[in-house]
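Thank you all for making the time this morning. I would like to walk through one model with you, so please bring up the sequence and the structure on your screens before I begin.

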Amino acid sequence: MPVLAVRGNNDREAWAASIPEIATTEIAGKRLYVIHDFKMLAGDPAALGVDVIISGHSHRPSVQHRSSVVLLNPGSAGPRRFSLPIAVARLHLGPAGPRVEIVELDVTPGPAPRRAGAGRRGLDVPTARGAVSRP
């Protein structure tokens, strides 16, 4: 599956100019709307005619339901931000509607590289634990 990405608030350099601020797609008959910050939405999310809105600005993993729309923030799988968990989300799209699973990654420092340039010190090794949203 191709990557669908949007530009974030710190993506200001020339390389980011071609990355959209908003992206939409349809997968398994469900319409997805991707935006960096939920606060940039104007009005009722249901008025967009989408099933899921995905945002990541706060880096705080969450799943909310507003009207018929799922609001998903998968969190951040990169280096720990503030005191937030390191997390990702699994989005399940089926006939019963979207279902989201937030997966917190239990990270421990990886082994030190064997030689210079062989790897990056302190890479995180994920072990999944998570919670599942209601359909």
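**Pockets and strands**

Let me start with the largest pocket, where β2 makes the greatest contribution to the lining, giving 3 residues. Before going further I should say that what you are looking at is a predicted model, and I will try to keep my wording within what such a model can carry.

The volume of this largest pocket comes to about 510 Å³, and the elements that give two or more residues to its lining are β1, spanning 22–27, β2, spanning 30–35, and β6, spanning 87–94. The lining counts 22 residues, and those lying nearest the centre of the pocket are L4, A5, V34, I54 and P74. What is the chemical character of this lining, in terms of nonpolar, polar and charged residues? It divides into 15 nonpolar and 7 polar residues, with no charged residue in the lining of the largest pocket.

The second largest pocket has a volume of about 270 Å³, and 14 residues line it, with D37, F38, K39, S58 and Q64 lying nearest its centre. Here the lining is made up of 4 nonpolar, 6 polar and 4 charged residues. Both β4 and β5 supply at least two residues each to the lining of this second pocket, and β4 provides the largest share, namely 3 residues.

That brings me to the pair of strands themselves. Strand β4, residues 62–66, pairs with strand β5, residues 69–73, in the antiparallel sense over 5 bridges. The two strands form a hairpin with 2 residues between them, and within the turn S67 has a positive phi of about 55 degrees. Q64, which I listed among the residues nearest the centre of the second largest pocket, stands opposite L71 in β5. As a general reminder while you look at this region, side chains in a regular strand alternate between the two faces of the sheet.

Stepping back to the whole protein, there are 10 strands and 0 helices, so defined as DSSP runs, and from the N terminus on the order of elements is β-β-β-β-β-β-β-β-β-β. Of the 135 residues in the protein, 30% are buried. If we take the contacts between residues at least 6 apart in sequence, 30% of them join residues at least 24 apart. Finally, the protein exposes about 8,900 Å², and carbon and sulfur atoms supply 53% of that area.

Terms used:
Residues numbered from 1 in each chain as written. Predicted model: local features only at pLDDT ≥ 70, side-chain atom pairs only at ≥ 80, totals over all residues. Heavy atoms only, no water. Helix = DSSP H or I, 4+ residues; strand = E, 2+ residues; numbered from the N terminus. Buried < 20%, exposed > 50% of the residue type's maximum accessible area, 1.4 Å probe, protein only. Contact = heavy atoms within 4.5 Å. Areas by Shrake-Rupley, 256 points an atom, 1.4 Å probe, with all protein chains shown as cover. Pairing = 2+ DSSP bridges. 1 Å grid on protein atoms, 1.4 Å probe; cavity = no way out; pocket = protein on both sides within 12 Å on 5 of 7 lines; lining within 4 Å. Points joined across faces, edges and corners; volume = space filled by probe spheres on them. Nonpolar A, V, L, I, M, F, W, Y, C, P; charged D, E, K, R; others polar.
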